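Please open the model in a viewer and keep the sequence panel beside it. The tour below proposes what to select at each stop and describes what is found there.

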Amino acid sequence: MTPQENGRVTSELWVVAEHSGDAVDRVTFELLGEARRLAKEAGGQVCAVALGDHVTPLVESLAHYGADTVYVVEDERLRYYDPNLVVATVGHLCSIRHPALVLFAATTTGSDTAIRLALERQWPFAPGCVNFHWNDGDIEMVRPMAGQKLHAIIGAARPGPRVASVVPDVLGFDAPDKKRSARVVSAEVVVPERSRVDVGEFIPGDPRTLDIAHADIVVAAGRGMGSKENMQLVEDLAAVLGGSVGGTRVVVDLGWLPRERQVGQTGAVVKPKLYVACGISGATQHTIGMRDAATIIAINTDAGAPIFKIADLALQADVTEVLPVLTRQCRQAGGR
Amino acid sequence: MHDVTREIFGNIPATQQTWFYLLACASLLVFAVGLLRRIARWMSGAADVRIVTRELPRRIAYFLEQVFTQPRLRREPSSGLMHLLIFWGFLILFVGTELVALEHDTPLSFYHGLFYLVASLVLDAFGILMLVGLGIAVHRRYVVRPERIAGGSYGIVLAFLATLGVTGFLLEGFRMTLRGSYWFDWSPGGAVVAALIQASGLDPVTLALSHRCTWWVHAVVTFTFIASIPFTRMLHAITAPLNIFFVPFQPKGTLTTPFRLEQLEAGATLRVAPRVLADLSWKQRLSADACTECGLCQQACPAWASQRPLSPKRIILAVRTHMDHAGGSGWPTPLEKIITPAESWSCTTCRACMEACPVAIEHIDFLVDVRRTLTEQGRVDPNIATTLRNLRRTGNPFGFPPEQRLVWASGLPAGVCVERAQPGAEVEVLYWVGCAGAFDERAQRVARAVASLLSRAGVKFAVLGPEERCTGDPARRLGEEGLFQQLARDNIATLDKYGVRRIVTQCPHCFNTLKNEYPEFGGRYEVVHHTEFIRTLIATGRLSFGTPPAQQSVTYHDSCYLGRHNDVYDAPRAALSALPGVELREMPRHRDKGFCCGAGGANMWFELGLGTKINANRYAEALRTGAQVIATACPFCMTMFDDAASGSAARDTGEAGAQIRDLAEIVNEAITV
């Protein structure tokens, strides 16, 4: 049964956006790119759904990456992920707009919403997809099986929007088109009569124990810290900023930090909002793991250190002198 | 003068002679059955397409050299001498015994006169040499006890050989005492024993009885020994020469090709690697049976030296033990239960084990086979997964966008121009920058040095720029054969599009893959490493050097993929020596015994997290030469040395470390314009 035949499905292709409050996640750009490609091949509108307590600022980048329309649902209750609200709201919107396809990122929350939505509405569902294509007016979903040795092509046996989750970092995305703009449609959050999940309390992760790959702020140490004792300076700044401590391979090899704190080619790849590189020269093996940080502050005595080439703020100074002052001022400015 | 000869079966009654022949037959029967069972177990293995009968003369020549002069064993002088003594002693005594058998059991008659005298002298001499060799062996195995031979089961073999040697001389002494001989000078060993026996003053009856008893001990031990060969480590006398004879004559730096992408695309169902014991090829099975447990591989292994969970000796012995105990069960044990994942990832594919192995076992292929299975099933470290994904998506292991491949060329000195290859445009060489040269900030500086010196030598060269992709070395060595072949195919298409014939590479890994692994996929080019090319430029006078500002001492670190995998040892040393003011110092482990930096076999791209740091070990060795400069020729060695230098304690105490520089940088700096 093709989407057209069941008479209720429109040619809208939906992407449910993932964001970290003030920025759209990369995976959403990948999904928009894929929807854009499908729309180009067979017509249709690419629509993004943005849910959160303050998502209007995200509309611009969603448009740049391919959304024609953005459904904006802003509500204080959507600040943290609550599957009851998200499933009910997206499901309600779908029942009004009848999209042909609803794409979620196969992340923890995206997969959760996708499965709940498809199950609740009894819509066709394919998890962990890597590709989509048109076949005779219908959308087929492609997902790897058996350890990526086989690809299953999944068609739909029942009517309704095709719901799919997409594996991040597979599709890639094109450069944004800064000239694009999107129509904004505001919608209200839908509170379901019956909650399937009781949402209790949200407890922020302890930056000291948080997986460094998920940290918003990373204060990282390099060989230039000089000694294990000086690592306390890095710990102090991280504590004031509410950030995690990371380091280079050499610092880990020296036993100044545990292996899971290593950033770089053979460690973690981090994309924090702020990366403070302390005494790090910036060998490619390290910068590979942090070059996508939104803001990079580098402190190093060597003016020729390669880290300065990618830093937004370069401080040619001794870390042992700068860090205590920086920590004190951050504390006075209202840090933790 | 009566004819000079010796008595055969003297003092042995005819009935006892019959028993002797019956025992001989039984012994040979047991030997044959044991050996045939071994052969059957090799022959039921999978085919090995690399080993073909062409090049037979070369094969025979190699076989003769390896078996009779044992150059690989002689790399380790003390044990090499020990083995040569036992080998040649045993071989000559074996031939001598067969000569006696021919004389006695065939119509031939030659064992007399001068021939007999010379044979006597030679046999005595080699008998003594064998006993000396056995003495060294016992001393090594039970007194010195080097770690590498720990756990070996050679006791019984040594006991057999020593008993045979000693009873042989006793017999000769008895024979000479009983029958008398005018030819003592030609049997010095026997003469000494005979003198001792005479001095003991035994009466003739006791003497005859002692001789007969010794004769029987010698005979029974001989036949037991022969029968036992297929069941003891003495088997190596058969398997080692066989394994050497069937050595695959292919460039050393190549891995096996388990399948071809074209087969896969044609819809064939393929096995990516041997997955269970039964999948091992006949050659791998023979290899495992050929292992002599000498441990030279383990002693050379950087993984072992840094307490990683890998001994190349253990993995081969584990394969053999599993074959021994698998019985007729169809051998379903997964290979990864025999060679563990941790062992396979510990390997840097530096080839030290294979270069050291006296019987030409190919350890790396066993280890990479395990990686192939793990990678196929996605059971890899996240950093390995990232590296493979980067290779797939961006064509380089770092994950940089391919359009940034020429970023390194910004900031070149004035007058140095890097051009992209054009179809039909004649250039002297194509400069293969490699992913490190293109993206790694440190290696970019080396790339600029290479481009500068090419330019200053007047070499017209081009680069592929954004069209260059990783050669596939890390993919292949991480066990992702399909991805390697895709990359190879893409690169070959690009190279052929521009009619490339001659390539200079910056990276020994690119060099090895382009030179040795691409021909199988249709890419045939003349590939040289920058060190070789620079040496030629110096030798032909295209680069000249002025008076240096100061003397500098340099120690050169052999990259495994330039050295052991490709035997490029002299070019880099010649290039450095040609520079005025350079004093070359060697580390203790150099050339074919060079010690890996720790990054090979794609270890550059993941953190094993086990054992100590290989690079710290090597950096310390380099510092001990007192050289001011450590010269490398590989971007990965460079990274490993930089890390080791950065992590060394000396860094904070202000002690003089050493500069770490690529050979191209050192040469480029010395050029006078």
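**First stop: a sheet in chain A**

Begin by selecting β6, β7 and β8 of chain A, three strands that form an open sheet in the order β6-β7-β8 with antiparallel pairing. Strands here are DSSP runs of E with at least two residues, helices are runs of H or I with at least four residues, and both are numbered from the N terminus. Two strands are said to pair if DSSP finds at least two bridges between them. At the edges stand β6 (131-135) and β8 (150-154) of chain A, each of which pairs on one side only. With direction ignored, neighbouring strands of this sheet are turned by 30 degrees against each other on average.

Strands of a sheet pair through backbone hydrogen bonds, either parallel or antiparallel. Next, restrict the selection to β6(A) and strand β7 (residues 138-145) of chain A, which run antiparallel and are joined by five bridges. Which residue of β7(A) stands opposite A:His133? Opposite A:His133 is A:Glu140.

**How to read the model**

This is a predicted model, in which local features need pLDDT of at least 70 and side-chain atom pairs count only at pLDDT 80 or more, while totals for chains, interfaces and linings use all residues. Residues are numbered from 1 along each chain as its sequence is written, chains are lettered from A and ligands numbered from 1 in the order in which they are written, and side-chain values use heavy atoms, with hydrogens and water left out.

**Second stop: chain A as a whole**

Select the whole of chain A, which holds nine helices and 15 strands. Its C-alpha atoms fill a box of roughly 70 × 40 × 40 Å, taken along the principal axes. Of its 336 residues, 49% count as buried; buried means under 20% relative accessible area, exposed over 50%, and partly exposed in between, with a 1.4 Å probe and protein chains only. The accessible surface of chain A is about 15700 Å², and 50% of it belongs to carbon and sulfur atoms. Such areas come from the Shrake-Rupley method with a 1.4 Å probe; for residues, only the protein chains shown count as cover. Among contacts in chain A between residues at least 6 apart in sequence, 64% join residues at least 24 apart, where contact means heavy atoms within 4.5 Å.

**Third stop: chain B as a whole**

Now select chain B, with its 30 helices and nine strands. The box filled by its C-alpha atoms, taken along the principal axes, is roughly 100 × 65 × 50 Å. Buried residues account for 56% of the 673 residues in chain B. Chain B exposes about 27600 Å², of which carbon and sulfur atoms supply 62%. Of the contacts in chain B between residues at least 6 apart in sequence, 81% join residues at least 24 apart.

**Fourth stop: a parallel sheet and its helix**

Select β6, β7, β8 and β9 of chain B: these four strands form an open sheet in the order β7-β6-β8-β9, and the pairing is parallel. The edge positions belong to β7 (582-585) and β9 (659-662) of chain B; each has a single partner strand, so one side of each is left without a neighbour in the sheet. From one strand to the next, the twist averages 35 degrees.

Within this sheet, strand β8 (residues 629-632) of chain B runs parallel to β9(B) and is joined to β9(B) by four bridges. B:Ile630 stands opposite B:Ile660 in β9(B). Add helix α28 (residues 635-647) of chain B, which packs on the sheet and touches β8 and β9 of chain B; its direction makes about 170 degrees with that of β9(B). Axes are lines fitted to C-alpha atoms, for helices over the stretch in contact, and angles run from 0 to 180 degrees between N-to-C directions.

Within α28 of chain B, pick B:Met640. Is B:Met640 buried or exposed? B:Met640 is buried, with a relative accessible area of 8%. Leaving aside neighbours within four places in sequence, B:Met640 is in contact with A:Arg249, B:Cys597, B:Gly598, B:Ala599 and B:Asn615.

**Last stop: helix α21 of chain B**

Finally, select helix α21 (residues 441-456) of chain B, whose 16 residues reach 23 Å from the first C-alpha to the last, close to the 22 Å expected at 1.5 Å a residue. The expected span is 1.5 Å times one less than the number of residues. Because 13 of the 16 residues of α21(B) are buried, this helix is largely enclosed by the rest of the structure. After α21(B) comes B:Gly458, whose phi is positive, near 75 degrees.
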